[in-house]
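I opened this model to take notes on its fold, its confidence and its packing. My entries follow in the order I looked things up.

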Amino acid sequence: MPSSSNRDSLPFEPKKNNKITKKPSHNPLEKSTNLSSKDSQGKKQSTSEAAIPEVISNRMLKRIAIFSGIPTGMGIFTFFASYVVVTQKWLKVPNTAVLLVTMGLFGLGVLGLSYGVLSTSWDEEREGTWWGWSDFTVNFRRFTSAWKNARQESINK
């Protein structure tokens, strides 16, 4: 079992550089050539470093399809099934009941999006459990601490 400090950092998180930035040049021609070369290199590096590995991305998509797709599909089915039941006069179903059930299932689908991402194991070598509750607690803690740090940094600026 990995140590807690290893569990707190993301396996695919880019390493922070402690490079000393070069002071801006006063020569306008030098600035434009430096910016264009830095921009093309910086964009290429940042996308490759910040990308989520394909194994983890596929895991996330599978979990999102399950935890979001099933409730959303049930919401759509409930809406059309209630239409058939009412038009065939099998039962008298109040409109508000159909609305509340459908909206509740759509709401579960929206929650399933977040749960699908946060309950995925973000370690490339470890699949995780079917429900993913232990991964959800770890990833939710990472998410909230990153959000708090970003908020604190924006306040300090």
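**Confidence.** I began with the weak stretches of this predicted model. Over residues 30-46 the pLDDT stays under 50. I looked up contacts beyond four places in sequence for that stretch and found three in the model. Residues 1-5 also stay under 50, and there the model has one such contact. Then I went element by element. Helix α2, residues 28-50, has the lowest mean pLDDT, 49. The highest mean belongs to α5, at 96. For the chain as a whole I noted an average of 80, with 68% of the residues scoring at least 70.

**Fold.** I counted six helices and zero strands. Along the sequence the pattern reads α-α-α-α-α-α. Next I checked contacts with a separation of 6 or more. Of these, 69% join residues 24 or more positions apart.

**Surface.** The chain has 157 residues, and 20% of them are buried. I noted an exposed area of about 12,500 Å². Carbon and sulfur atoms supply 64% of that area.

**Helix α3.** I picked this helix for a length check. It runs over residues 54-67, which makes 14 residues. At 1.5 Å a residue it should span 20 Å, and its end C-alpha atoms are 20 Å apart, so the two values agree.

Which residues of α3 are buried? I listed I56, R59, M60, R63, I64 and F67. They cover an arc of only 135° around the axis, so they sit on the same side of α3. The general spacing rule is worth a note here: an α-helix has 3.6 residues a turn, so residues three or four places apart point the same way.

I then turned to the opposite face. The exposed residues E54, L61 and K62 lie there, away from the buried side of α3. What covers the buried residues of α3? The cover includes α4 (69-87) and α5 (95-118).

**Core.** Last, I looked up the largest nonpolar core. Seven residues make it up: I56, M60, F67, Y115, L118, W122 and F136. Both α3 and α5 supply at least two residues each. The largest share is three residues, and these come from α3. I add one general remark: in soluble globular proteins, nonpolar side chains tend to be buried together.

How values were computed
Residues numbered from 1 in each chain as written. Heavy atoms only, no water. Helix = DSSP H or I, 4+ residues; strand = E, 2+ residues; numbered from the N terminus. Expected span 1.5 Å × (residues − 1). Buried < 20%, exposed > 50% of the residue type's maximum accessible area, 1.4 Å probe, protein only. Arc of directions from axis to C-beta. Contact = heavy atoms within 4.5 Å. pLDDT = per-residue confidence, 0-100. Core = buried A, V, L, I, M, F, W, Y, C linked by side-chain atoms within 4.5 Å. Areas by Shrake-Rupley, 256 points an atom, 1.4 Å probe, with all protein chains shown as cover.
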